[in-house]
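Biologist: I'm new to this one. Could you show it to me and then let me ask how you arrive at your labels?

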Amino acid sequence: MTEHLIWLTVVWGSVVVAAALSLLAWRARPRVGATPFAITMFCGTWWAATTGMVLLATTRRWLLFWSQLQWLGIAFIPVCWLLFTLQYTGRDEYVTFRTAVALSVLPSVSLSLALTAGVHDLLYSEMSVATDGPVTLLALTPGPWFWIHIVYSNVLLLTGTVLIVQLAVGTHRRYLGQAGALLCIVLPPWIASIANAFGVTPIEHLDPTPLTFVLTGVAGMVALRRYDVLDETPVTDRIAQQSLIDSMEDGVVVVDGRDRIADANPEARRILDVDAPLQGDEANAVVQQYDEIASADDEPVQVDLADGNSDRIYEIQVTQLDGHDESGGKILIFHDVTEQQTRLQRLDVLNRVLRHNLRNEMNVVYGYADRIIAGGDAVEPEAVAERIKEKSMSLVDLGDKAREIDEILRSQGDDADIVEVATLLEWEERRVSDEHHDIDIECTCDGVDDAACNLALGTVLKILVENAIEHNDAREPFVRITATADRNTVTVRVTDNGPGIPESERAVLEAGEETKLKHGSGLGLWLANWGVQALSGDLSIEDNDPDGAVVNVSVPRLQANDARE
């Protein structure tokens with residue numbers, strides 16, 4: 001009788017502790033893992049409570065009834081435990097309604113077989129009543145389905161436990177206490193259920209698993225109170241890290257020790273022009289110059305990669321994972337340095353042109369000034385002064401061009417100030433007519449209607465027109481400006497009848513050739529090309545028949561609603 005009371009006390013103590021733990025977890029919702037943990041403990045509570053009723057039953061009917069109801073807890077604890085560990089360790093993508101239903105199919109069959117035990121021998125091949133003093137229990141002999149259920153349940157429990165162990169050893173001990181507390185929750189009932197399945201129990205015919213829920217409850221209280229299991233979860237770190245990596249402007253590629261891609265963020269896939277996941281692909285088949293990149297000793301490597309639209313320049317930094325040697329894998333960080341390189345190229349060009357032109361023009365000014373100082377009958381002061389003035393104005397014009405294009409480059413194609421294309425050409429025609437009376441200027445618009453463009457196109461157009469006028473040596477010089485438009489693009493053609501643009505000048509506009517300046521005579525074409533690039537457009541040059549050149553500029557068409565008049 002005393003032994004019977006001890007059993008009852010332990011079982012109902014387990015009920016109280018498990019129920020309290022289930023209630024605390026339920027109240028912690030919607031924190032990560034709270035719901036599946038609460039349901040897991042509720043299943044344990046139900047199992048312990050029905051075991052307590054089994055110990056109070058005295059007839060075969062009630063023994064069978066409560067033993068059958070035990071399966072409402074027995075069947076679904078492994079499923080709930082696995083769902084909890086998946087969510088808790090940051091694998092939320094697997095915790096879905098469909099996953100829960102799929103995992104519950106076999107336990108549902110086990111529950112159905114338990115509720116119909118007595119009409120088949122699938123779950124229990126034999127059932128009889130065994131009396132030991134004041135205690136009456138059912139003696140159950142496992143049937144074939146019982147072992148299927150045992151194997152399935154242990155697979156789920158083992159999977160969840162492995163996830164917790166991985167958490168303990170894979171987070172640099174930060175979550176070691178939490179992982180240990182969770183293991184103390186699952187291990188006692190798990191060990192007891194295995195022992196019961198093989199008949200190795202201290203109490204014959206009584207499943208000791210519910211008795212261990214006292215230990216589970218104590219471990220659960222420690223986990224909730226001491227280690228804040230449901231407050232500080234590793235999923236937060238994992239999601240935060242993944243979100244941070246996914247939202248980075250830099251591309252990130254993780255390569256394992258066998259030089260296969262383990263992961264890549266969306267930006268890296270965009271840079272590499274790949275839509276499909278890259279996991280498992282050979283790195284050297286996806287990343288250009290991978291061998292050179294991988295062998296770099298902490299030095300960034302610059303490579304040209306296609307981003308799907310145009311060639312870009314990336315600086316790739318290689319970091320060994322966790323400070324291990326090369327066998328431990330690498331992280332490749334792709335940083336777009338195209339704009340930085342473009343700025344350096346522009347500065348280099350400006351430096352060369354300004355130095356060249358300043359030196360040449362100032363040498364001329366210095367020479368004429370020296371002639372004035374030297375005096376003599378050959379000196380014509382007015383002619384010399386006019387020449388000095390001409391060269392001085394040439395330098396002023398050079399500075400104006402640099403200032404104007406700087407405004408475009410700073411705007412980087414800002415669409416805040418837009419103008420109708422027809423209005424822009426009208427302004428330019430009026431300006432040329434006022435400033436260059438000897439130039440035949442004509443502007444025509446063909447189908448532009450209400451087409452608009454960035455106001456900065458006016459600066460580019462002015463540079464091209466002035467360049468055409470400056471070098472035009474025809475007897476009757478002219479400049480023709482024609483604008484056309486389609487749904488997405490505005491195209492402006494500047495045609496002249498001058499000597500044309502030499503091949504050496506055109507070379508600076510070829511794609512990928514901006515880094516070199518050989519014999520450019522000035523900033524005109526450079527500045528115009530940079531301005532068009534800043535407006536996300538294109539510039540090309542062709543010959544005009546019979547003489548002169550045609551410069552074609554294409555820029556995005558904008559809405560004319562807010563265009564300036």
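Modeller: What follows is a chat about some of the labels used for this predicted model.

Biologist: Let's begin with two helices. Why are α17 and α19 called roughly antiparallel?

Modeller: Helix α17 covers residues 457-470 and helix α19 covers residues 524-534, and they pack at an angle of about 155°. Anything over 145 degrees counts as roughly antiparallel, so α17 and α19 get that label. Their axes are 9 Å apart, and the crossing is left-handed.

Biologist: Which residues of α17 and α19 meet there?

Modeller: From α17 come Val460, Ile463, Leu464 and Asn467. On the α19 side they meet Gly524, Leu525, Leu527, Ala528, Gly531 and Val532. Sorted by type, the residues of this contact are seven nonpolar, three polar and no charged.

Biologist: What makes three of them polar?

Modeller: Gly counts as polar here, and Asn is not on the nonpolar or charged lists. Asn467, Gly524 and Gly531 are all in the contact, so they make up the three polar ones.

Biologist: Now the strands. What is the order in the open sheet of five strands?

Modeller: The order is β9-β11-β12-β14-β13, and the pairing is mixed. On average, neighbouring strands in this sheet are turned by 15° against each other, direction ignored.

Biologist: What makes β9 and β13 edge strands?

Modeller: Each of them, β9 (440-446) and β13 (538-543), pairs on one side only.

Biologist: And how do you know that the pairing is mixed?

Modeller: Go along the sheet. β9 and β11 (residues 478-485) pair in the parallel sense over seven bridges, with Cys445 opposite Ala483 in β11. β11 and β12, on the other hand, pair in the antiparallel sense, over seven bridges. There Val479 stands opposite Asp496 in β12, and a hairpin of three residues joins β11 to β12. β12 and β14 are antiparallel too, again over seven bridges, with Thr491 facing Ser554 in β14. Parallel and antiparallel pairs both turn up, hence the mixed pairing.

Biologist: Where do the two helices sit on these strands?

Modeller: α17 lies across β11, β12 (489-496), β13 and β14 (549-556), running at about 15° to β12. α19 lies across β13 and β14, at about 135° to β13.

Biologist: What makes Ser536 stand out?

Modeller: Ser536 has a positive phi of about 60° although it is not a glycine. Most residues other than glycine have a negative phi. You'll find Ser536 in the loop between α19 and β13.

Biologist: Is Ser536 buried or exposed, and how do you know?

Modeller: Its relative accessible area is 59%. The cut-off for exposed is over 50%, so Ser536 is exposed.

Biologist: Where is the cis peptide bond?

Modeller: It joins Asp545 and Pro546, with omega at about 10°. Pro546 is in the loop between β13 and β14. Most peptide bonds are trans.

Biologist: One last label: why does Thr212 count as buried?

Modeller: Buried means under 20% relative accessible area, and Thr212 is at 14%, so it qualifies. Thr212 lies in the loop between α8 (176-197) and α9 (213-225). Leaving aside neighbours within four places in sequence, Thr212 is in contact with Pro188, Pro189 and Ala192. Thr212 and Ser193 are 19 residues apart in sequence and 9.8 Å apart in space, C-alpha to C-alpha.

Note on methods
Residues are numbered from 1 along each chain as its sequence is written. This is a predicted model: local features need pLDDT of at least 70, side-chain atom pairs count only at pLDDT 80 or more; totals for chains, interfaces and linings use all residues. Side-chain values use heavy atoms; hydrogens and water are left out. Axes are lines fitted to C-alpha atoms, for helices over the stretch in contact, and angles run from 0 to 180 degrees between N-to-C directions. Helices (H or I, at least four residues) and strands (E, at least two) are DSSP runs, numbered from the N terminus. Angles under 35 degrees count as roughly parallel, over 145 as roughly antiparallel, 65 to 115 as roughly perpendicular and the rest as oblique. A crossing is left-handed if the near helix is turned anticlockwise from the far one by less than a right angle, and right-handed if clockwise. Contact means heavy atoms within 4.5 Å. Two strands pair if DSSP finds at least two bridges between them. Buried means under 20% relative accessible area, exposed over 50%, partly exposed in between (1.4 Å probe, protein chains only).
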